[in-house]
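Hi everyone, thanks for making the time. Let's bring the model up on the screen and walk through it together.

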Amino acid sequence: MKNRGIKYLIIILIVLVAIAAILLVLRITNNKPEQRVEDEIISLGIDDGKQQIKKENINIYNGIDRPIAVMIDNHKGAWPQASLNEAYLVYEIIVEGGETRLMPIFKGKNLNKIGPVRSSRHYYLDYALENDAIYVHYGWSPQAEADIKTLKVNNINGITESSKDFWRVKDKSAPHNAVTNTNNILNISNSQNYRTTSNDASVLKYTQEEVNLEEGKTANQITIPYSTLHKVSYTYNKETKKYERYQRGQKQIDWDTKEVISTKNIIITFAKNYELDDIEDKDRQGLNNIGTLKGYYITNGKAIEITCTKNSRKEKTIYKDLAGNIINVNDGNTYIQICPIDAKVEIE
């Protein structure tokens, strides 16, 4: 009987140890692996097919706010402009009369003043679309009006909105004095039932690691002639590691803050422009921007040659080095200079 009692005691102890071991395993399973899986998803950037989970915390492009693209007047009578330094991207393309217009794209910004806002040109739609942006303008050309409808662009035309949402200031003359702000843009977007969030990936492949283009050519001074009237230049500031922007020899500053307009990255794309045969005969331009074009990527005092491929008006442009690799872009704002194909660009 005594031996039998000892056996029962041993069996009970074994069972208790087994139960304790099972409970411990279950506790570990419930508390840790699920967190590990979540961490792996974030670090690997796994895409579940609905939204992209970013693997890096990029400062210039984050959050789910839908981008806002605004047509900005670049006539000399519109200088200086407001809030260009707040954009993650700024596009510059030639328009009629040898002038250019700017299209800054903002994401997650609360800005009290953007402008002067000017009318739409149809080829800017391509870049608003590839950034999944709400497109804001003040009037439009005939082709832009037609394309906005055909392409079903979520757009806001300031001319048709309240003077409280788009207003004219007194320190500039019309038509170079219409301004707006992000709060008004978002309120109008909501009233139009436009989506105001976006999970789209950025057009550019940003990286947290500093890109230095060791094999590139020296690029401390860049000059981009758009026409005999309009020339853009950038000077590299080694202390800030940014390029300060000039137009027609004049340093650009912000309208209100008086800060120097500067950029971390510059992308130059050469594209053929031509005069449109439209009913108004105003020398409006067209742009051959679909296909693979030549260009440069410039950052931190260096420049490399690149290709810029856009397969359709809605698809994102893909920027590659001459070895065929998508370029890494420094985490900072970027000016994309889409200039005439025969522009005598100087990089020194």
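**One cavity, two cores and a lysine**

Let's start with the empty space: the structure holds one cavity of 30 Å³ or more. A cavity here is a set of points, on a 1 Å grid over the protein atoms alone, where a 1.4 Å probe fits but cannot get out, and lining residues have an atom within 4 Å of a point. Before going on, a word on the source: this is a predicted model, where local features need pLDDT of at least 70, side-chain atom pairs count only at pLDDT 80 or more, and totals for chains, interfaces and linings use all residues. Residues are numbered from 1 along each chain as its sequence is written, and side-chain values use heavy atoms, with hydrogens and water left out.

How big is the largest cavity? Its volume is about 60 Å³ (the space filled by probe spheres set on the points, which are joined across faces, edges and corners). Its lining includes Tyr-127, Asn-289 and Lys-310.

Now the cores. The largest nonpolar core has 40 residues, and Val-70, Ile-222, Ile-268 and Ile-298 touch the most other members. Apart from it lies another core, of 39 residues, including Met-71 and Tyr-297. Such a core is a set of buried Ala, Val, Leu, Ile, Met, Phe, Trp, Tyr and Cys residues joined through side-chain atoms within 4.5 Å.

Last, Lys-113. Is Lys-113 buried or exposed? It counts as buried because its relative accessibility is 17%; buried means under 20% relative accessible area, exposed over 50%, partly exposed in between (1.4 Å probe, protein chains only).

Note on methods
1 Å grid on protein atoms, 1.4 Å probe; cavity = no way out; pocket = protein on both sides within 12 Å on 5 of 7 lines; lining within 4 Å.
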